[in-house]
Amino acid sequence: MRIGVILSHGGLAGLWTPGCQGAASIAAAEINEAGGVLGQDVQIVHRDSGETVASARSAAEHLLLEERVDAVIGLQASHLRSAVRDGLHGLAPYVYTPHFEGGFCGPGVAALGVTDHEVLSPAIHWLAEHRGARRVFFIGNDYIWPRVAYGTTESVVRRSGGRMIGHALIPLHQRDYDAVLEGVKAARPDLVVIALLGEDAIAFNRAFAEAGLSGAVLRLTLAFEETQLLGVAPGNAENLFAVASYFNGTQDHDRETLLEGYGHAFSGRLPDVTTNSLNCYDAIHLVAGLARHVGHVDGHLMARVLRQGLPRSLAYKIMGRSVIGARVALAEADGTEFRVCENWKS
């Protein structure tokens, strides 16, 4: 059974790739040690998605037509998701792993990541109640996910009794933040919600602190985990919060085998397990579960199961794992680590 792993091997999302590849390999090893999938070993085939629609679609088509994969898993920015899906032509399932804006991702696709609404609603209410965050400014990249995240943030802030006092959408890869930071200073928010992709989030958070804003303004970063925190901390992480389904050290995720195997294989050579690498690990197990569910290692049959999408609860049932208890956790940066403040059930 051949599973394609499509990740960006460079660019803004490339910092997540080593950990995701490592976690996927641990999942494949576990499955093979247990007898494989319907008698077949799992083999991982890696492919670079690049950062464009054309390169992402080409990567998917190469895996399907040249590598003859039975399924694909991937962590892509949301504007590349449909390119991967379309490149598979409905002939193989696509398990999409990152935090995303929510909604139906198209036929043949299962999404494992948490959505903006799942994380923003509890986190903003908590920050309003415990840290007095009423005046909110939003900053994101100018593509699908942050545009939707802005609308979700606006709705949640209004329901929490606060108000939006400004927003800015900036191009991918932009590093000149002077105008945006001046806008934040002029607006005087209590909280800035940040939806920037990968290394853009690192660069902006460093600039934010260097502009002298971190001592007085809270930051809530979306799709932000320990790998990125290492690029920001410790000097630029004051009042920096993140919200995700998993942080290093969370105890209730039923992933002890992953943590043990990953630590044994990669300790000191790859980043620690994060929410992104955990989702890639789960995605490999979901593909194996889909094959067992249809009774064949057949990409077309597995993709048909996903033609209307797949609720996360059913995805975990198919992969044979318990539903994760604390689906959302809010954490505050403490040096180079995150300290969980609160978590909520799904």
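Visitor: Is Arg147 buried, partly exposed or exposed in this predicted model?
Guide: Happy to start there, and yes, the model is a predicted one. A residue needs under 20% relative accessible area to be buried and over 50% to be exposed. Arg147 has a relative accessible area of 44%, so the label is partly exposed.

Visitor: Which residue forms a salt bridge with Arg147?
Guide: The partner has a relative accessible area of 40%, so this residue too counts as partly exposed. In the salt bridge with Arg147, the closest N and O atoms are 3.0 Å apart. The partner is Asp142.

Visitor: How far apart are the closest N and O atoms in the salt bridge of Asp200 with Arg175?
Guide: Asp200 sits in helix 7, while Arg175 is in the loop between strand 7 and helix 6, 25 residues apart. At 1% relative accessibility Asp200 counts as buried, whereas Arg175, at 41%, counts as partly exposed. The closest N and O atoms of the two are separated by 2.4 Å.

Visitor: Which aromatic pair also involves the loop between strand 7 and helix 6?
Guide: One ring belongs to that loop and the other to helix 7 (residues 199-210), with the two positions 27 residues apart. Both residues are buried. Their pair is edge-to-face, at 5.2 Å centre to centre and 90° between the planes, and the partners are Tyr177 and Phe204.

Visitor: How many aromatic pairs does a search of the whole structure find?
Guide: Rings pair if their centres lie within 6.5 Å. Ring pairs also link Tyr94, Tyr96 and Phe100 into a cluster. Searching the whole structure gives a total of 10 aromatic pairs.

Visitor: What is the geometry of the pair formed by Trp126 and Phe241: stacked, edge-to-face or tilted?
Guide: Planes under 30 degrees apart count as stacked and those over 60 as edge-to-face. For Trp126 and Phe241 the centres are 6.4 Å apart and the angle between the planes is 55°, which makes the pair tilted.

Visitor: Which helix and which strand does that pair of Trp126 and Phe241 tie together?
Guide: Trp126 is buried, with a relative accessible area of 14%, and Phe241 is buried as well, at 0%. Their positions are 115 residues apart in sequence, so the pair ties together distant stretches. These are helix 4 (residues 116-131) and strand 10 (residues 240-244).

Visitor: Which residue follows helix 4 with a positive phi?
Guide: Helix 4 has a good number of buried residues, among them Val119, Leu120, Ile124 and Leu127. The residue that follows the helix has a phi near 65°. That residue is Gly132.

Visitor: Which residue meets Glu118 of helix 4 in a salt bridge?
Guide: The partner lies in helix 12 (residues 312-318), so the pair ties together parts that are 194 residues apart in sequence. At 18% relative accessibility, the partner counts as buried. The N to O distance is 2.9 Å, and the partner is Arg312.

Visitor: Which side chain of opposite charge is nearest to Glu226?
Guide: Glu226 lies in helix 8 (residues 226-232), and its contacts include Phe247, Asn248, Thr274 and Phe338. A salt bridge needs nitrogen and oxygen within 4 Å. Glu226 is buried yet has no salt bridge, as the nearest side chain of opposite charge is 13 Å away: Arg339.

Visitor: Which residues are linked with Arg339 in a network of salt bridges?
Guide: Side chains of opposite charge can pair when their charged atoms come close. The structure holds 10 salt bridges. The network around Arg339 links it with Arg131 and Glu332.

Visitor: What is the relative accessible area of Val84?
Guide: Val84 lies in helix 3 (residues 78-88). Its contacts include Ile6, Ala56, Ala60, Val72, Gln76 and Tyr94. Val84 is buried, and its relative accessible area is 0%.

Visitor: What is the radius of gyration of the protein chain?
Guide: The chain has 12 helices and 12 strands. For 346 residues the globule rule gives 20 Å, and the chain comes close to this, so it is as compact as a globular protein of that length. Its radius of gyration is 20 Å.

Visitor: What percentage of the 346 residues count as buried?
Guide: The C-alpha trace spans about 60 × 40 × 35 Å along its principal axes. Of the 346 residues, the share that count as buried is 58%.

Note on methods
Residues numbered from 1 in each chain as written. Predicted model: local features only at pLDDT ≥ 70, side-chain atom pairs only at ≥ 80, totals over all residues. Heavy atoms only, no water. Helix = DSSP H or I, 4+ residues; strand = E, 2+ residues; numbered from the N terminus. Buried < 20%, exposed > 50% of the residue type's maximum accessible area, 1.4 Å probe, protein only. Lys, Arg positive; Asp, Glu negative; His and termini not counted. Contact = heavy atoms within 4.5 Å. Phe/Tyr/Trp six-rings, centres within 6.5 Å; stacked < 30°, edge-to-face > 60°. Rg over C-alpha atoms; globule rule 2.2 N^0.38 Å. Lists of a residue's contacts leave out its neighbours within four places in sequence.
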